[in-house]
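Reader: Please take me through the ligand site in detail. I want the contacts, then the setting.

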Amino acid sequence: MDRLSRNTELQSRKEQATARGVSVLTKVFAARAQNAEIWDVEGNRYIDFAGGIGVLATGHCHPRVIAAAQAQLGKFTHTCWQVMPYPGYVELAEKLNRLAPGAFPKKTALFSTGAEGVENAVKIARVATGRSGVVSFTGAFHGRTMMAMALTGKVAPYKTGFGPFPAEVFHAPFPIELHGTSVEQAIEGVERLFKADIDPARTAAVIIEPVQGEGGFYAISPAFAQALRALCDRHGIVFIADEVQTGAGRTGTWLACEQWGVAPDMITMAKSMAGGFPISAVIGKAELMDKPGPGGLGGTYAGSPLACAAALAVLDVFEEEKLLDRSKAIGERLVAGLKKIAASHKAIQDVRGLGAMVAIELFKDGDLSKPDADLTKRLCAEAARRGLILLSCGSYANVVRVLVPLTASDALIEEGLAVMADSFKAVA
Ligand SMILES: Cc1ncc(COP(=O)(O)O)c(C=O)c1O
């Protein structure tokens, strides 16, 4: 079978056998991957600027992570933590507790996906406060389960047709200066919610992403985080940072909320914490985390031994390879390279980043009132055709984001940037 037909044949079988609701970016199929490169079933090479949507801070198949998983495979794969516990879960919880900001005792519960982490953070906040309301933000993405969808602040495609959603969820405006919402307006928005929609005394939690991920890579300022902290303190509300995409070193610190100057009460993590093995965590104030009764939290596969072993190896890799420094350096390199591209393309009106969480935003003729989703789509398709995996995001689908592994070499990042520049020239 020749090279071209293998991808085409799989694509046609995929269309027959799999649900279209799970949409797929590329039309080529992975055969193997290493660090920041993927090879498809026809042997074509791709530079991976998507990192499995922010899962591969330590790159594909990091030898330390694979060795840890293999060692665990040789012992046991599953007991169910709730039936017979194992040391890896305890060790991981201890380390995550130590790494989270806040001068108070912490505890951790492990799950399998980001959405599951979010669901459980809300469950814990409700039990701990005896209240039901939850405030999230416009443009937010918190996952695809029912409560996570309710919290998500973007209708199409995530919520279309899937309602009704759990009640008592309210969206406040997320501060994005570029789109006309200031920090002051955003705070006023929360206060307006408390007047118009939900009594703060009935509000269990405020949940926010330190940098909106699917929403478009907009970071909140420390000032906004501090204002939310003060608001939550005033009303006895649990402050949750959803660090599913920002966590595990992406923004230059282990957790993005370390840069706020105030600590949230609870943090959700997933994605890059285990280098590709499914696991998520809720890390929080011990007094809150212990409020749900025995049996109220958990899951058959939650905190699986394989994922715990991989997550512990990821933490070792971060230390040994100084990946937090690398995250900052990669971020600077990307921003500099993208600014150079932006200098010759009027469409790129913003280049932004927190650590290695970097994005550009595209507008028709550079007009900020005309987000250019079409150009964004064509750019990502052209990049893929030229061997670079690039993701878009944003409430207006006009943002191109980079989530390259933090283990990628400077040479590979430069090669990726050059493909981006060529792709722009081809489609702009
Ligand atoms: C901030 C945030 N929260 C939650 C989720 C959901 O995670 P998962 O897809 O693992 O359920 C995501 C996924 O992109 C995310 O970016």
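Author: A polar backbone atom of Ala115 sits 2.8 Å from an oxygen atom of the ligand. This is a predicted model. Gly114 also contributes its backbone: one of its polar atoms there lies 2.8 Å from a ligand oxygen. Lys271 uses its side chain instead, with a polar atom 3.1 Å from an oxygen atom of the ligand. The protein covers 84% of the 390 Å² of accessible area that the ligand has on its own.

Now the shell. Gly114 and Ala115 are listed around the ligand together with Thr113. Phe141, His142 and Gly143 are there too. Glu209, Glu214 and Asp242 also belong to the surroundings. Val244, Gln245 and Lys271 complete the list. By class, the shell holds 3 nonpolar, 5 polar and 4 charged residues.

Next, the chain that carries this site. Its secondary structure comes to 13 helices and 15 strands. The radius of gyration is 21 Å, close to the 22 Å that the globule rule gives for 428 residues, so the chain is as compact as a globular protein of that length. The C-alpha trace spans about 60 × 55 × 45 Å along its principal axes.

Inside the chain, buried residues make up 54% of the 428. Take the contacts between residues at least 6 apart in sequence: 71% of them join residues at least 24 apart. On the outside, the protein chain exposes about 18200 Å². Carbon and sulfur atoms supply 55% of that area.

Conventions. Residues numbered from 1 in each chain as written. Predicted model: local features only at pLDDT ≥ 70, side-chain atom pairs only at ≥ 80, totals over all residues. Heavy atoms only, no water. Near = heavy atom within 4 Å. Polar contact = N/O pair within 3.5 Å; in protein donor to acceptor, adjacent residues only side chain to side chain. Areas by Shrake-Rupley, 256 points an atom, 1.4 Å probe, with all protein chains shown as cover. Nonpolar A, V, L, I, M, F, W, Y, C, P; charged D, E, K, R; others polar. Helix = DSSP H or I, 4+ residues; strand = E, 2+ residues; numbered from the N terminus. Rg over C-alpha atoms; globule rule 2.2 N^0.38 Å. Buried < 20%, exposed > 50% of the residue type's maximum accessible area, 1.4 Å probe, protein only. Contact = heavy atoms within 4.5 Å.
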